[in-house]
Number of protein chains: 2
Amino acid sequence: MDLNQELERVAELIERRLDEFLGSEPAPSGQARLIEAMRYAALGGGKRLRPFLLIESARLFGVAEEDALDAGTALECVHCYSLVHDDLPAMDDDAVRRGRPTAHVAFGEATAILAGDALQTLAFAILSRPSTHRDPSVCVKLIDLLAEAAGVQGMAGGQALDLAAEGETLGPMEVAKMQAMKTGALFSFACEAGAVLGRADELARGALKAYAAAFGQAFQLADDLLDAEGDEEAVGKAVAKDAGRGKATLVALLGVEAARARLKALVGEAEAALAPFGDKAATLKDAARIIASRRA
Amino acid sequence: MDLNQELERVAELIERRLDEFLGSEPAPSGQARLIEAMRYAALGGGKRLRPFLLIESARLFGVAEEDALDAGTALECVHCYSLVHDDLPAMDDDAVRRGRPTAHVAFGEATAILAGDALQTLAFAILSRPSTHRDPSVCVKLIDLLAEAAGVQGMAGGQALDLAAEGETLGPMEVAKMQAMKTGALFSFACEAGAVLGRADELARGALKAYAAAFGQAFQLADDLLDAEGDEEAVGKAVAKDAGRGKATLVALLGVEAARARLKALVGEAEAALAPFGDKAATLKDAARIIASRRA
């Protein structure tokens with residue numbers, strides 16, 4: 001089975017689990033609309049790359065896919081919440097996401113804010129349940145790590161840096177730090193969560209950490225290259241918007257050619273980090289290669 | 001010591017703990033601004049009524065105050081996040097809160113949204129740590145309950161119902177349901193969390209649950225009466241705004257006199273629910289009386 005098929009298969013599992021968590025009893029209309037907005041934001045799209053990394057990282061330690069599924073679903077809830085809030089008019093003001101109107105365009109700003117809020121809450125609800133792991137000490141470890149990755153020292157802090165950077169001139173180091181927090185932190189969580197589920201030793205955790213760091217940077221660089229060069233229909237969201245806003249990206253700072261070279265180097269780093277796992281890590285290596293070469 | 005002094009004493013403990021959790025290393029300016037906004041939203045005001053209920057509920061079972069403090073602090077983080085988001089222009093569009101400009105007025109909408117997001121994240125971070133409880137099974141139970149109370153079946157769902165109700169005509173039952181979710185759920189969590197920390201039996205839990213339900217309704221009714229009759233300077237936020245917006249409140253539906261009678265009955269219910277605890281519950285009984293008679 002090639003990697004794209006495997007990605008699709010896992011994406012379908014995550015989709016189904018999200019659908020189950022977001023299924024609901026009949027509710028009064030205001031609440032039903034909130035649930036509809038949460039479903040709109042979470043279902044029907046997305047490569048589910050973060051849960052994929054989580055599941056594959058856990059698999060390195062013999063953890064069955066179904067035993068990593070709920071942790072992956074919780075992670076995806078945080079990712080989806082962040083997209084809804086980042087797209088808001090007060091933030092990046094994006095009207096298109098995954099080829100569809102963004103949540104606030106479809107449901108109004110108030111409902112979109114609430115839907116993001118409630119998706120974040122759902123993530124922690126999922127992680128607190130025995131279906132994520134029957135050992136509560138594993139659950140609290142996952143919750144602690146996800147909160148760290150999503151909070152002010154991670155994703156939210158990175159988004160704050162990104163907002164503050166509009167119109168400013170950041171250097172490559174500053175851009176890298178911002179992206180490590182904004183995008184990298186959830187990828188790092190994915191791999192760390194796999195290690196936690198697999199009760200990995202320090203050596204294995206360190207290797208996965210290094211992989212996640214390189215993977216996250218490669219993902220962001222590929223994303224920025226798509227924005228600089230891609231076409232909107234294929235990408236499913238507005239392109240060339242970073243330049244239009246004067247947003248700091250490494251592509252803008254380094255130029256396209258140097259960015260491509262750096263991307264290649266990062267894929268190499270990601271692969272090298274996995275050396276201790278030998279052939280077992282083939283899928284994770286493939287994942288690093290495939291995100292670097294994506295065209296959409 | 002009278003109850004107001006006791007409330008102030010506990011509020012100070014919560015303030016100090018929030019200050020510790022929101023203290024930070026030197027950070028790049030965008031991130032520092034986010035932390036500043038979180039501090040603005042969480043510190044320097046608030047009666048800390050929810051943590052107070054939590055601590056007093058736990059005390060019924062012999063739990064020391066310091067062992068309930070972090071759970072109370074986490075709860076207050078969720079309450080503060082909800083205020084920041086509810087005040088946003090797309091939601092209730094309030095400019096004044098606790099006698100100061102609301103967070104989005106002081107920091108801009110984008111930072112306010114992020115500050116609310118990150119305060120929610122912080123709540124779950126706090127609950128996942130051994131300082132909340134050394135037994136992780138207690139931590140995951142608290143996380144599960146808080147996520148339930150804050151999510152689509154609780155506070156966020158209630159806010160959605162409230163938004164949907166603007167301009168609509170709700171009956172008393174519908175208003176009560178909306179308020180039970182929007183405001184009541186966090187009060188219920190406060191009491192339930194105390195029971196969890198105290199490893200209470202079913203009887204005691206049930207009694208606290210009944211108390212919390214009556215307390216939450218009384219609190220909301222008193223709040224609505226203040227809005228209908230209060231003066232802005234004393235209350236510290238805009239008043240008479242519910243009527244101006246056609247917001248559904250029980251005061252509007254029942255009239256002030258009937259609302260006052262209902263408030264009195266609810267205080268009686270709250271006190272009666274605590275009968276199984278005898279004299280130990282004197283402070284919780286006082287708390288129900290005092291919130292019903294508050295003037296600010």
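User: Before we look at Arg260(A), what counts as a helix here?
Analyst: Helices are DSSP runs of H or I with at least four residues, numbered from the N terminus. Bear in mind that this is a predicted model.

User: OK, which helix holds Arg260(A)?
Analyst: Arg260(A) sits in α14 of chain A, which covers residues 256–273.

User: Why does Arg260(A) count as partly exposed?
Analyst: Because Arg260(A) has 16 C-beta neighbours inside 10 Å. Buried would take 20 or more, and exposed 12 or fewer.

User: How far is Arg260(A) from Ala218(A) in space?
Analyst: The C-alpha to C-alpha distance is 9.8 Å, while in sequence Arg260(A) and Ala218(A) are 42 residues apart.

User: Zooming out, how many helices and strands in chain A?
Analyst: Chain A has 15 helices and two strands.

User: What radius of gyration does chain A have?
Analyst: It comes to 18 Å for chain A, which agrees with the value near 19 Å for a compact globule of 296 residues. Along the principal axes, the C-alpha atoms of chain A fill a box of roughly 55 × 45 × 35 Å.

User: And what share of chain A is buried?
Analyst: Buried residues account for 55% of the 296 in chain A. As for contacts in chain A between residues at least 6 apart in sequence, 71% link residues at least 24 apart.

User: Switching to chain B. How long is α4(B)?
Analyst: Helix α4 of chain B, residues 69–86, has 18 residues. From first C-alpha to last it reaches 26 Å, close to the 26 Å expected at 1.5 Å a residue.

User: Is α4(B) mostly covered or uncovered?
Analyst: Mostly covered, with 18 of the 18 residues of α4(B) buried.

User: What rotation takes chain B onto chain A?
Analyst: A rotation of 180°, with 0.0 Å of shift along its axis, superposes chain B on chain A at an RMSD of 0.0 Å. The two copies are therefore related as by a two-fold rotation axis.

User: Which C-alpha of chain B is nearest the axis?
Analyst: That of Pro136(B), at 2.8 Å from the axis. Both copies use the same surface, in that 100% of the contact residues of chain B recur in chain A.

User: How many residues does the contact take from each chain?
Analyst: There are 45 from chain B and 45 from chain A. On the side of chain B that touches chain A, the elements giving two or more residues are α2 (29–42), α6 (109–127), α7 (136–150) and α8 (155–165).

User: Which of them gives the most?
Analyst: α6(B), with twelve residues.

User: And by class?
Analyst: The side of chain B that touches chain A has 27 nonpolar, twelve polar and six charged residues.

Methods: Residues numbered from 1 in each chain as written. Chains lettered and ligands numbered in written order. Predicted model: local features only at pLDDT ≥ 70, side-chain atom pairs only at ≥ 80, totals over all residues. Least-squares fit on C-alpha atoms with pLDDT ≥ 70 in both. Contact = placed C-beta atoms within 7 Å. Expected span 1.5 Å × (residues − 1). Rg over C-alpha atoms; globule rule 2.2 N^0.38 Å. Nonpolar A, V, L, I, M, F, W, Y, C, P; charged D, E, K, R; others polar.
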